Amino acid sequence: MKKIDILIIGSGIAGISLGSLLSKHRQVLIVEKEKEISYHSTGRSFAFFIESYGNKQIIELTKISKEFFKNYENLFLRKKGVMFIGNNKQKKIIKNFYDEHKTKINLDYLDKKKTLDKASCLKEKYINSSVLDINACEIDVNSLYEFYRKNYIRNKCEILKNFQIKDVDEKNDKWIINRDIECNIVVNASGAWADEVAKKFLIKKIDVVPKKRTVFVFKPTNIEIDNKWPLIADIEEKFYFKDQSNQIYASPADETPTYPHDCYPEELDIAIGIDRLQKSTEFEFKSIENKWAGLRTFVMDKSPVIGFENNKKNFFWLVAQGGYGIQTAPALSKIAKELILGNNENKIMKLEDFYNISINRLR
Ligand SMILES: Cc1cc2nc3c(=O)[nH]c(=O)nc-3n(C[C@H](O)[C@H](O)[C@H](O)COP(=O)(O)OP(=O)(O)OC[C@H]3O[C@@H](n4cnc5c(N)ncnc54)[C@H](O)[C@@H]3O)c2cc1C
């Protein structure tokens with residue numbers, strides 16, 4: 001029997017970031033059901049860090065993550081900016097967004113001319129105004145993942161791939177998995193599979209909803225790509241796009257509720273994305289060069305679920321990071337580590353606030 005302190009289920013950014021921090025203090029094992037690590041949501045993101053994105057809790061978590069990223073600025077983040085654009089029907093939404101966030105985040109309100117000066121690919125007759133968040137960055141997800149993975153391996157902990165949970169037993173508050181692994185704490189970092197994994201441990205589900213999001217890539221035939229363009233996002237998140245490696249990466253910002261699975265892009269979602277881009281930009285292109293889809297997993301209030309299961313100190317949740325799981329990973333892993341190791345007195349992290357985003361609020 002293999003005896004360890006903490007078993008983490010899932011090798012995405014949630015599992016690996018927490019594993020990296022815990023492995024300094026405890027014997028940890030990460031298990032992954034796929035043949036490859038980071039195969040699901042983490043390997044399929046749009047790789048952005050946006051401080052003005054998401055609800056209040058996401059914004060707070062992103063702020064905490066920023067401190068981590070600041071220490072490694074050149075390694076993981078590259079400043080690109082994000083411009084939230086609006087047409088005539090959306091000008092009030094642009095104004096409201098600016099008024100809501102301008103005191104907390106460094107934002108510029110841009111009129112039509114200034115918006116078009118920033119991104120000449122936009123259609124003049126479509127644009128009314130925009131809000132520019134100049135500090136938004138691209139995240140080098142591979143480097144971030146590798147940073148955590150290398151720290152984890154350096155602490156002499158293992159990742160088991162192709163791992164199936166077949167049998168779970170609980171004795172004296174310890175878990176015994178497949179009659180082979182004994183551990184004190186299980187961390188559920190299984191993304192879209194969170195409820196399925198909980199069921200194996202006879203823990204009540206929290207009703208996660210995986211939502212599919214599509215990305216497609218093309219090379220414009222009529223316009224030179226300028227790598228100084230910011231990421232451009234519709235103010236109501238109906239589409240967004242960025243340039244990368246002299247191509248355009250775009251998304252129709254679809255949020256189709258689905259079940260946990262290895263998902264693929266639908267032609268209809270790509271067609272919707274193309275239509276939205278054709279209305280708002282001057283881009284022409286002949287073919288789609290790449291496409292993929294991934295799952296962004298939420299609970300109802302769109303805040304992450306982090307914390308021990310109610311009245312159970314051997315089952316910990318780290319799930320429902322939605323569309324923000326990369327940019328919030330440094331904060332969430334730090335908070336999860338403190339909660340698991342019991343070092344809750346760290347006031348800088350305002351941990352008392354984060355108990356509210358634990359499992360307790362859901363039942
Ligand atoms: C198209 C798209 C764009 C996105 N853009 C951004 C962005 O710009 N910025 C941002 O911050 N976030 C973004 N996200 C969100 C981000 O990718 C996710 O929030 C994050 O990757 C979630 O990480 P995770 O580790 O929880 O999940 P995952 O990466 O899905 O990892 C969970 C792992 O658990 C494994 N698992 C499941 N069940 C079991 C089991 N029974 N046994 C063992 N292993 C199991 C799975 O195989 C999987 O590998 C985007 C997501 C998508 C899909």
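Begin by selecting the ligand together with its surroundings in this predicted model: of the 39 residues around the ligand, those that come nearest are G10, G12, G191, G294 and G325. If you colour this shell by residue class, you will find 17 nonpolar, 16 polar and six charged residues.

Next, display the secondary structure and pick out α1 (13-22), β13 (209-218) and β18 (288-298), each of which supplies at least two residues of the shell around the ligand.

Now colour the protein chain by its two parts, with domain 1 covering 2-44 + 141-207 + 301-362 and domain 2 covering 82-134 + 209-298. The contact between them takes 14 residues from domain 1 and nine residues from domain 2, and on the side of domain 1 that touches domain 2 you can sort the residues into five nonpolar, five polar and four charged. The centres of domain 1 and domain 2, taken over C-alpha atoms, are separated by 32 Å. With these colours still on, return to the ligand, where the shell draws at least three residues from each of domain 1 and domain 2.

For the last stop, select α1 again and add helix α9 (residues 329-341), and look at how their axes come within 9 Å and cross at roughly 50°. Because angles from 35 to 65 degrees fall in the oblique class, α1 is oblique to α9. The crossing in which α1 passes α9 is right-handed. Show the side chains here: I13, A14, S17, L18, L21 and L22 in α1 meet residues of α9 including A329, P330, L332 and I340. The residues of this contact of α1 with α9 divide into 10 nonpolar, two polar and two charged.

Definitions and conventions. Residues are numbered from 1 along each chain as its sequence is written. This is a predicted model: local features need pLDDT of at least 70, side-chain atom pairs count only at pLDDT 80 or more; totals for chains, interfaces and linings use all residues. A residue is near a molecule or strand if its C-beta atom, placed from the backbone, lies within 6 Å of it. Helices (H or I, at least four residues) and strands (E, at least two) are DSSP runs, numbered from the N terminus. Ala, Val, Leu, Ile, Met, Phe, Trp, Tyr, Cys and Pro count as nonpolar, Asp, Glu, Lys and Arg as charged, and the others, Gly among them, as polar. Domain bounds come from an automatic or database domain assignment. Two residues are in contact if their C-beta atoms, placed from the backbone, lie within 7 Å. Axes are lines fitted to C-alpha atoms, for helices over the stretch in contact, and angles run from 0 to 180 degrees between N-to-C directions. Angles under 35 degrees count as roughly parallel, over 145 as roughly antiparallel, 65 to 115 as roughly perpendicular and the rest as oblique. A crossing is left-handed if the near helix is turned anticlockwise from the far one by less than a right angle, and right-handed if clockwise.
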